[in-house]
Amino acid sequence: MPKTPPPPGRTGPRTDSGPAQPPVSEGQRSGPADEGWRLDHLGRLLGHAMRRFDDRVLYLMAHDLDVPLALSNLAARAQVGAAHVHITRHLSLKGSRLTELAQAAGMSKQAMADLVSQCEAWDLVTRVADPRDGRARLVCFTPTGLAWLAAFRKAVAQAEAEFRSEVGQDIATVVAMGLEAYAGPAA
């Protein structure tokens, strides 16, 4: 993979001790003195950006008058978190089997089962018999869960608009295209 030059104004990786440092060869990066690579790599930036985006979405949902009060209160007290958003993102409107939901969210079946049980207690989802296989169960949105989903859609749209406003439309478009290309078919 070809190396890209640092952005204008930077000659090398940033460190906590101050301004940009001179470029470092790959062989020099392995020493314990250079820790900048751990703080300034793409994966870490993507993780921070995702957490910031999810936190903003949950904040907007906590303050949405259309979200059922009990769920709004849970979100406001940080009881609803990014893990709960996995169900919101991945649960089919027709219902999903637990294994499908876990796979789509990148979680273990046991972790997803715990999450579904919690969401079931909050009346976001319910489990029903799968009409295709009487031994299997489907996880489905409840009416409360569908209200939550509508609020999620509105909050995501607002958070995306805020992102575009903060970084500019051109950069937002390039970021979205780059992430779609990088994520590949999984996206």
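This is a short tour of the structure, one selection at a time.

**The whole chain**

Start with everything shown as a cartoon, and keep in mind that this is a predicted model. The chain holds 8 helices and 2 strands. Trace the elements from the N terminus and you will meet them in the order α-α-α-α-α-α-β-β-α-α. Now colour by accessibility: of the 187 residues in the chain, 30% are buried. If you display contacts with a separation of 6 or more, 47% of them join residues 24 or more positions apart.

**Helix α2**

Next, select residues 42–62, which form helix α2. What distance separates its end C-alpha atoms? They are 30 Å apart, and this agrees with the 30 Å that 21 residues should span at 1.5 Å a residue. Show the side chains too, and look for the buried residues of α2: G47, D54, V57, L58, L60, M61 and A62. As you look down the helix, a rule of thumb may help: an α-helix has 3.6 residues a turn, so residues three or four places apart point the same way.

**Where α2 meets α7**

Keep α2 on screen and add helix α7, residues 143–167. The two axes come within 8 Å and cross at roughly 130°, which makes α2 oblique to α7. The crossing of α2 past α7 is right-handed.

To see the contact itself, select R52, F53, R56, V57, L60 and M61 on the α2 side. Their partners in α7 are W148, A151, F152, A155, V156, Q158, A159, E160, E162 and E166. Coloured by class, the residues of this contact come out as 10 nonpolar, 1 polar and 5 charged. V57, L60 and M61 may look familiar, since they are also among the buried residues of α2.

**On to α8**

Stay with α7 and add helix α8, residues 169–183. Here the axes come within 6 Å, with a crossing angle of roughly 120°, so α7 is oblique to α8. On the α7 side, pick F163, R164 and V167; they meet Q169, I171, A172 and V175 in α8. The classes in this contact are 5 nonpolar, 1 polar and 1 charged.

**The α5 and α6 pair**

Now move to helix α5, residues 98–105, and to α6, residues 109–121. How do their axes cross? They come within 9 Å of each other at roughly 105°, and the two helices are therefore roughly perpendicular. From α5, the contact uses L98, T99, L101, A102 and A105, while α6 supplies K109, M112, A113 and V116. That gives 7 nonpolar residues, 1 polar and 1 charged.

Zoom in on L98. Is this residue buried or exposed? L98 counts as buried because its relative accessibility is 16%, under the 20% cut-off. Leaving aside residues up to four places away in sequence, L98 touches K109, M112, A113 and V116. You can also draw a line from the C-alpha atom of L98 to that of S108: they lie 10 residues apart along the chain and 9.9 Å apart in space.

**Last stop: D123**

Finally, follow the chain out of α6 and select D123, in the loop leading to β1 (125–130). Most residues other than glycine have a negative phi. D123, although not a glycine, has a positive phi of about 65°. With a relative accessible area of 38%, D123 is partly exposed.

Note on methods. Residues are numbered from 1 along each chain as its sequence is written. This is a predicted model: local features need pLDDT of at least 70, side-chain atom pairs count only at pLDDT 80 or more; totals for chains, interfaces and linings use all residues. Side-chain values use heavy atoms; hydrogens and water are left out. Axes are lines fitted to C-alpha atoms, for helices over the stretch in contact, and angles run from 0 to 180 degrees between N-to-C directions. Helices (H or I, at least four residues) and strands (E, at least two) are DSSP runs, numbered from the N terminus. Angles under 35 degrees count as roughly parallel, over 145 as roughly antiparallel, 65 to 115 as roughly perpendicular and the rest as oblique. A crossing is left-handed if the near helix is turned anticlockwise from the far one by less than a right angle, and right-handed if clockwise. Contact means heavy atoms within 4.5 Å. Ala, Val, Leu, Ile, Met, Phe, Trp, Tyr, Cys and Pro count as nonpolar, Asp, Glu, Lys and Arg as charged, and the others, Gly among them, as polar. The expected span of a helix is 1.5 Å times one less than its number of residues. Buried means under 20% relative accessible area, exposed over 50%, partly exposed in between (1.4 Å probe, protein chains only).
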